[in-house]
Amino acid sequence: MDQIPVPDKIDPDRIVINDRGDFTDRDRADFVPHLRRALHESCECGQRLWPELDAGRAHLLESLPPAESARSQSPTMPRDDDGWTKWMTAYASVTSVLAGPHGDSGHGEQEARHEMQLRH
């Protein structure tokens with residue numbers, strides 16, 4: 001898988017206008033519009049990413065076999081522990097990102113484990 005670079009819009013250091021660390025009153029006055037624009041750009045980027053992440057999370061759930069048929073077919077289906085581990089990691093990761101900077105306190109991981117147990 002190719003690496004996708006992080007968008008500049010979510011780089012907190014992109015608008016540094018004075019790297020000396022000693023802002024004058026004029027520097028501060030000039031800085032406010034830059035901060036306002038950067039905040040709006042970052043929020044816009046986040047608002048575009050949110051539904052994409054949520055759709056990815058939904059796709060991860062929809063990609064699983066139905067719980068009922070998985071149970072009835074389980075003797076003929078191989079147990080793909082590596083595949084389940086990767087799926088659960090992806091699902092928990094996306095759920096945690098959607099929960100925000102404090103994470104989801106393991107909710108996504110619990111949800112993923114529950115789905116795996118229904119189908120395993």
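**Helix packing and salt bridges in a predicted four-helix chain**

Thr95 touches Arg57, Asp104, His107, Gly108 and Glu111, when residues up to four places away in sequence are not counted. The model in which these contacts occur is a predicted one. Thr95 itself is placed in helix H3. With a relative accessible area of 6%, Thr95 falls under the 20% limit and therefore counts as buried. Two of the residues touched by Thr95, Arg57 and Glu111, are also paired with each other in a salt bridge, which is described further below.

The overall architecture is considered next. The chain contains 4 helices and 0 strands, and its pattern along the sequence reads α-α-α-α. Of its 120 residues, 21% count as buried. The chain exposes about 9200 Å², of which carbon and sulfur atoms supply 55%. Contacts across the sequence were also examined: among those between residues at least 6 apart, 62% join residues at least 24 apart. One separation in space illustrates how parts of the chain are arranged. The C-alpha atoms of Asp81 and Met116 are separated by 9.9 Å, although the two residues are 35 residues apart along the chain. Asp81 belongs to helix H3 and has a relative accessible area of 48%, so this residue is classed as partly exposed.

The largest nonpolar core consists of 8 residues, namely Leu60, Leu64, Trp84, Trp87, Met88, Tyr91, Ala112 and Met116. Helix H3, which spans residues 81-99, and helix H4 each supply at least two residues of this core. The largest share, 4 residues, comes from H3. Trp87, one of the core residues, touches Leu60, Leu61, Ser63, Leu64, Ala112 and Glu115, again leaving out residues up to four places away in sequence. The contacts of Trp87 thus include the core members Leu60, Leu64 and Ala112.

Helices H3 and H4 also meet directly. Their axes come within 8 Å and cross at roughly 145°, and the crossing in which H3 passes H4 is right-handed. On the H3 side, the residues that take part are Trp84, Trp87, Met88, Tyr91, Ala92 and Thr95. Their counterparts in H4 are His107, Gly108, Glu109, Glu111, Ala112, Arg113, Glu115, Met116 and Arg119. Several of these residues belong to the nonpolar core as well, among them Trp84, Trp87, Ala112 and Met116.

The loop between H3 and H4 holds Ser105. The phi angle of Ser105 is near 55°, a positive value in a residue other than glycine. Most residues other than glycine have a negative phi. Ser105 has a relative accessible area of 75%, which is over 50%, and for this reason the residue counts as exposed.

Charged side chains form a further group of interactions. Side chains of opposite charge can pair when their charged atoms come close. The structure holds 5 salt bridges, including the three described here. In the pair formed by Arg57 and Glu111, the closest N and O atoms are 2.9 Å apart. This pair links distant parts of the chain, since Arg57 lies in helix H1 (residues 25-62) and Glu111 in helix H4 (residues 107-119), 54 residues apart. Glu111 has a relative accessible area of 25% and is therefore partly exposed.

Two other salt bridges lie within helix H4. Glu109 is paired with Arg113, the closest N and O atoms being 3.3 Å apart. Because Glu109 and Arg113 are 4 residues apart in helix H4, about one helical turn separates them. Both partners are partly exposed: Glu109 has a relative accessible area of 44%, and Arg113 has a relative accessibility of 35%. In the other pair, Arg119 forms a salt bridge with Glu115, with the closest N and O atoms 2.4 Å apart. Arg119 and Glu115 are likewise 4 residues apart, about one turn of the helix. The limit for a buried residue is 20%, and both partners lie under it, so both count as buried: Arg119 has a relative accessibility of 13%, while Glu115 has a relative accessible area of 16%. Glu115 is, in addition, one of the residues touched by Trp87.

Methods. Residues are numbered from 1 along each chain as its sequence is written. This is a predicted model: local features need pLDDT of at least 70, side-chain atom pairs count only at pLDDT 80 or more; totals for chains, interfaces and linings use all residues. Side-chain values use heavy atoms; hydrogens and water are left out. A salt bridge is a side-chain nitrogen of Lys or Arg within 4 Å of a carboxyl oxygen of Asp or Glu. Buried means under 20% relative accessible area, exposed over 50%, partly exposed in between (1.4 Å probe, protein chains only). Contact means heavy atoms within 4.5 Å. Accessible areas come from the Shrake-Rupley method with a 1.4 Å probe; for residues, only the protein chains shown count as cover. A nonpolar core is a set of buried Ala, Val, Leu, Ile, Met, Phe, Trp, Tyr and Cys residues joined through side-chain atoms within 4.5 Å. Axes are lines fitted to C-alpha atoms, for helices over the stretch in contact, and angles run from 0 to 180 degrees between N-to-C directions. A crossing is left-handed if the near helix is turned anticlockwise from the far one by less than a right angle, and right-handed if clockwise.
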